[in-house]
Amino acid sequence: MPTPSNKPAPQAKIEAAFFDVDNTIVRGSSSYLFGLTAFKHGFFTRKDLYRFAYRQFQFIWRGESAKMMDSIQDRALALIEGHKVSDLLALGDEVYQEQISKRLWPQTVKLAQDHVKAGREVWLVTATPQEIASTIAKKLGLTGGIGTLIDSKNGVYTGSLVGKALHGKAKRKAVKALSKERGISLRRSYAYSDSRNDLPLLTLVGNPVAVNPDGLLKAHARAAGWPILDFKKRELKQNRALSVKKVKS
């Protein structure tokens, strides 16, 4: 698990904020956005891209499910098997500039950067591959990213994972381990996510927040009295207002 070299002493009990990525900081699937650039460089076929595009549409409007995540993960691993690690790492900056930066939720990014200004560590915790998580965290000026580890041998991807995908209970376990290592007080920390599958993470901290939540997470958040931030709804209202304004003019 990557951590900055200047880690604080465990007894420091610092505060942190943990952010899911897909549909929380980035609109849709960051893995799919990576795939758009990878396709441009000939890593896989147009047919494969269309399959991912369909999953991207479902992901944005329906939210994630464990079955969907497994399907996307299995397909992605099959596509990168046999490719050089260095080749995909080289795409990082291009993917961010051409795809991810245009699909960031500015409100969530501001929340993350406000936590940084307040002196908290800010970590992205996502099922997205570690390489993508680290790139987004670096570009946004955050502490770091924790993502799914993809196995490689002799610099080539094997098509398998190291351990499990960072999803559901695996996120909770990773954050607990990171917090113990870095001396983070989970009771005083924050977590942000859009998905019911991240309830294990959200219930781990003292300050959970639902962002663009799916139906089940929204219901849970309301019952528990958690803050709910729905930027999708706000965006839809703004788009409707602009449409009405254009018609009138």
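## Close-up views of salt bridges and nonpolar cores

**View A. Asp230 has a relative accessible area of 22% and is therefore partly exposed, as seen in this predicted model.** The value falls in the partly exposed class because buried is reserved for residues under 20% and exposed for those over 50%. Asp230 pairs with Lys218 in a salt bridge, with 3.6 Å between the closest N and O atoms. Lys218 belongs to helix α10 (residues 215-224), whereas Asp230 sits in the loop between β8 (228-229) and α11 (231-248), so the salt bridge ties together parts that are 12 residues apart in sequence.

**View B. Glu15, Arg120 and Arg188 form one network of salt bridges.** The three residues are joined through salt bridges that share partners. In the whole structure, a search finds nine salt bridges. Side chains of opposite charge can pair when their charged atoms come close.

**View C. Lys110 and Asp114 form a salt bridge within helix α6.** The N to O distance between the two side chains is 2.9 Å. Lys110 and Asp114 are about one helical turn apart, because they lie four residues from each other in helix α6 (residues 106-117). With a relative accessibility of 29%, Asp114 is classed as partly exposed.

**View D. Asp198 and Lys171 meet in a salt bridge that links distant parts of the chain.** Their side chains approach to 3.0 Å, N to O. Asp198 is located in the loop between β6 (190-193) and α9 (199-202), and Lys171 in helix α8 (residues 169-182); the two are 27 residues apart. Are these partners buried or exposed? Both Asp198 and Lys171 are buried.

**View E. Ile100 and Ile136 touch the most other members of the largest nonpolar core.** This core contains 36 residues. Elements that contribute two or more residues to the core include the strands β1 (16-19), β2 (121-129) and β7 (207-211). Helices that do so include α1 (30-40), α4 (85-89), α5 (92-98), α6 and α7 (130-140). Helix α1 supplies the largest share, five residues.

**View F. Ile100 is shown with its contacts beyond its neighbours within four places in sequence.** With those neighbours set aside, Ile100 is in contact with Val26, Leu33, Val95, Ile132 and Ile136.

**View G. A second nonpolar core is separate from the largest one.** This second core has 20 residues, among them Ala174, Val175, Ala191 and Leu204.

Notes:
Residues are numbered from 1 along each chain as its sequence is written. This is a predicted model: local features need pLDDT of at least 70, side-chain atom pairs count only at pLDDT 80 or more; totals for chains, interfaces and linings use all residues. Side-chain values use heavy atoms; hydrogens and water are left out. A salt bridge is a side-chain nitrogen of Lys or Arg within 4 Å of a carboxyl oxygen of Asp or Glu. Buried means under 20% relative accessible area, exposed over 50%, partly exposed in between (1.4 Å probe, protein chains only). A nonpolar core is a set of buried Ala, Val, Leu, Ile, Met, Phe, Trp, Tyr and Cys residues joined through side-chain atoms within 4.5 Å. Contact means heavy atoms within 4.5 Å.
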